[in-house]
Protein chains: 6
Amino acid sequence: MADAESFEQQRERLMNLMLKKGGRTTKRFLNLDQATYRDGLLPARQKELLGLVASAVLRCDDCITYHLQQSHEAGWSNDEIREALEVAMVVGGSITIPHVRRAYGVIEEWGEAPRSSQ
Amino acid sequence: MADAESFEQQRERLMNLMLKKGGRTTKRFLNLDQATYRDGLLPARQKELLGLVASAVLRCDDCITYHLQQSHEAGWSNDEIREALEVAMVVGGSITIPHVRRAYGVIEEWGEAPRSSQ
Amino acid sequence: MADAESFEQQRERLMNLMLKKGGRTTKRFLNLDQATYRDGLLPARQKELLGLVASAVLRCDDCITYHLQQSHEAGWSNDEIREALEVAMVVGGSITIPHVRRAYGVIEEWGEAPRSSQ
Amino acid sequence: MADAESFEQQRERLMNLMLKKGGRTTKRFLNLDQATYRDGLLPARQKELLGLVASAVLRCDDCITYHLQQSHEAGWSNDEIREALEVAMVVGGSITIPHVRRAYGVIEEWGEAPRSSQ
Amino acid sequence: MADAESFEQQRERLMNLMLKKGGRTTKRFLNLDQATYRDGLLPARQKELLGLVASAVLRCDDCITYHLQQSHEAGWSNDEIREALEVAMVVGGSITIPHVRRAYGVIEEWGEAPRSSQ
Amino acid sequence: MADAESFEQQRERLMNLMLKKGGRTTKRFLNLDQATYRDGLLPARQKELLGLVASAVLRCDDCITYHLQQSHEAGWSNDEIREALEVAMVVGGSITIPHVRRAYGVIEEWGEAPRSSQ
């Protein structure tokens, strides 16, 4: 949990740095990135799963951790999330296994009880 | 349409070659690949969209074309599919634009009328 | 030359399709992509060379062709462009050679005479 | 050595988690991954070297460490392993150097004396 | 066969262009690339298989075709080559299937009779 | 600063190991890598920016850190470097954000005062 917080703290500190020091293109891109996962024709929760699988096949641990948390918050069950990771693993191959493995570790920290929606 | 058929014909001929000449690992992998997109906790149609986004960020035109067709068959509207591609484009960056552009060309060939579910 | 035109024509047709049929995120991303290469602290012409090298190490032929043309229009000499491609080839390895090779083919079509700035 | 054990311990814990919590596709993929490196027409030891080079060009440190250990166990000398890494470095480019560099660090921990074949 | 020749002819024409117009770094890299696959502690034929698998997981059709031909020339049987491709497919995932499929098409053109070593 | 030194110390130790234990191809590649960034038609400082963007789209933190330092030494201002990273972020997509974010952290350690050219 401490590690997860630390990840989130560093993430927030550096993100603030990007928003403060970055140029106009940087700010526009970060805003666009946020907007991409909002409800549209596809609900936000579904887009989170798309973002998770995209992150997993591109093998970016920070991105995977972020979308895992967002998918969890959005109400996907642990088993549904693990099933989405299966698609990533088959598309992306055994090279994704260390990343999927770490994702299992992140999921495990949540416990299997239904998350509080808060 | 002729091009799409040609893609499918070559795909089928070479896939048969893989099944005939490939070793046991090859056959197992191809079977596993098929099984990955069947209904589970997540419905098959949702997995197709995951496969599409994974293919788009990894920039594999043949994989994109295949999952576009499967997603279309699974009942996703053109606009829903284009929205899924938005996630891929933002995650994967402008380097995905030529692939997303070609995907738009494939979608256009279907027409915007509701597909026959057959 | 016919091939280059055909590439540009298809590119334009599909780009128009993206702008017409794509959602708000798609339009914003395409606009942002355009804005990225405008004069800033770094002049536009320098950013084209950055875009070229990024495209080359990510091995996207359409992107390479586009940034080759933009770099040429921006006034870089053929030899300067080939030197930028050297950086891409060493960073990206021999897997980039087929793409760099095709880039040499594109450059050759321009001739070695100074381009018209028009 | 402690670090290597720690890597292996975490790897084993999370792999057990994947086997316990993962769905059928996950289990089938992990089994298939194991089976891929068994003796076939090509001996297992040769496949380990193929797996090492594949891991190196895809720049996955955990995968590289795993295949380094397997290649070492399979009887390849340190110099032979370093020569395989040369192929990866030239194919994959300077972007692989940090990974190859860390691989040299792993190899160094084995010492240069002949490994016990047990 | 005509296609294979055409690939080789274009490859040769553009490679000559690179050697003629490229700078010193380009020439050194192309020479180094050639040298990488010569007999060392590992025989040249084994390095070709490493190059093939590296090319397949990085999904470069031209590189795959080149190393397929070199591996064939080096005396690997079609079945041995297909087994090496299995490693690539499992490491690299289903995203490699279109490339492996095309590799099967290239192999098929050789016939299954023992190649002439000339 | 301690972290930066530690990165440089490990980098130097392992690089020395590569030069000592690596074969002829390894040494030639490392020499070539050095030579690539020397003044040519394009000045060395410009090539550093190309190397930085290439490293960022390929998402190699060690490579990014190295080219950040080299770009800083070469006299690029923090804002110019951040603008180069914008190109990388738009080309490479949101998957590059964690790497760009860490780059902002590295840049921040330099302070915003003009660097000593020593």
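**Figure 1. Helix 5 of chain A is mostly covered, with 13 of its 15 residues buried.** The view is taken from a predicted model. From the first C-alpha to the last, helix 5 of chain A reaches 21 Å, close to the 21 Å expected at 1.5 Å a residue. The helix is followed by A:Gly93, whose phi is positive, near 85 degrees.

**Figure 2. Chain A has six helices and zero strands.** Along the sequence, the elements of chain A follow the pattern α-α-α-α-α-α. Of the 118 residues in chain A, 47% are buried. Among the contacts in chain A with a separation of 6 or more, 58% are between residues 24 or more positions apart. The domain assignment divides chain A into domain 1, residues 1–36, and domain 2, residues 40–111. Taken over C-alpha atoms, the centres of domain 1 and domain 2 of chain A are separated by 20 Å.

**Figure 3. Chain A meets chain B through 24 residues of chain A and 24 residues of chain B.** On the side of chain A that touches chain B, the elements giving two or more residues are helix 2 (24–36), helix 3 (44–57) and helix 5 (78–92) of chain A. Helix 5 of chain A provides the largest share of this side, nine residues. By residue class, the side of chain A that touches chain B consists of 14 nonpolar, four polar and six charged residues.

**Figure 4. A turn of 180 degrees, with a shift of 0.0 Å along the axis, lays chain A on chain B.** The RMSD of this superposition is 0.0 Å. The relation is therefore that of a two-fold axis. The same surface serves both copies, in that 100% of the contact residues of chain A recur in chain B.

**Figure 5. Chain C is in contact with chain F through 24 residues of chain C and 23 residues of chain F.** Helix 2 (24–36), helix 3 (44–57) and helix 5 (78–92) of chain C are the elements that give two or more residues to the side of chain C that touches chain F. The largest share of that side, nine residues, comes from helix 5 of chain C. The residues on the side of chain C that touches chain F comprise 14 nonpolar, four polar and six charged. Chain C is superposed on chain F by a rotation of 180 degrees with 0.0 Å of shift along its axis, at an RMSD of 0.0 Å. The same surface serves both of these copies, and 96% of the contact residues of chain C recur in chain F.

**Figure 6. B:Val90, in helix 5 (residues 78–92) of chain B, touches residues of chains A, C and F.** B:Val90 is buried because 27 other C-beta atoms lie within 10 Å, where 20 or more are required. Not counting residues up to four places away in sequence, B:Val90 touches A:Leu32, A:Asp33 and A:Thr36 of chain A. The residues of chain C touched by B:Val90 are C:Thr25 and C:Phe29, and those of chain F are F:Gly93 and F:Ser94. Within chain B, the C-alpha atoms of B:Val90 and B:Thr65 are separated by 19 Å, the two residues being 25 residues apart along the chain.

**Figure 7. Helix 2 of chain E has buried residues on one side and exposed residues on the other.** This helix, residues 24–36, has 13 residues and reaches 18 Å from its first C-alpha to its last, close to the 18 Å expected at 1.5 Å a residue. The buried residues of helix 2 of chain E are E:Thr25, E:Thr26, E:Phe29 and E:Thr36. These residues lie on the same side of helix 2 of chain E because they cover an arc of only 100 degrees around the axis. On the other side of helix 2 of chain E, E:Arg24 and E:Gln34 are exposed.

**Figure 8. C:Arg59 and D:Arg59 each have a positive phi although neither is a glycine.** Most residues other than glycine have a negative phi. The phi of C:Arg59 is about 55 degrees, and that of D:Arg59 is about 60 degrees. C:Arg59 is found in the loop between helix 3 and helix 4 (61–73) of chain C. D:Arg59 is placed in the loop between helix 3 (44–57) and helix 4 (61–73) of chain D. C:Arg59 is buried, with 20 other C-beta atoms within 10 Å. D:Arg59 is likewise buried, with 20 other C-beta atoms within 10 Å.

Key. Residues numbered from 1 in each chain as written. Chains lettered and ligands numbered in written order. Predicted model: local features only at pLDDT ≥ 70, side-chain atom pairs only at ≥ 80, totals over all residues. Helix = DSSP H or I, 4+ residues; strand = E, 2+ residues; numbered from the N terminus. Expected span 1.5 Å × (residues − 1). Buried ≥ 20, exposed ≤ 12 C-beta atoms within 10 Å, placed from the backbone. Arc of directions from axis to C-beta. Contact = placed C-beta atoms within 7 Å. Nonpolar A, V, L, I, M, F, W, Y, C, P; charged D, E, K, R; others polar. Least-squares fit on C-alpha atoms with pLDDT ≥ 70 in both. Domains from an automatic or database assignment.
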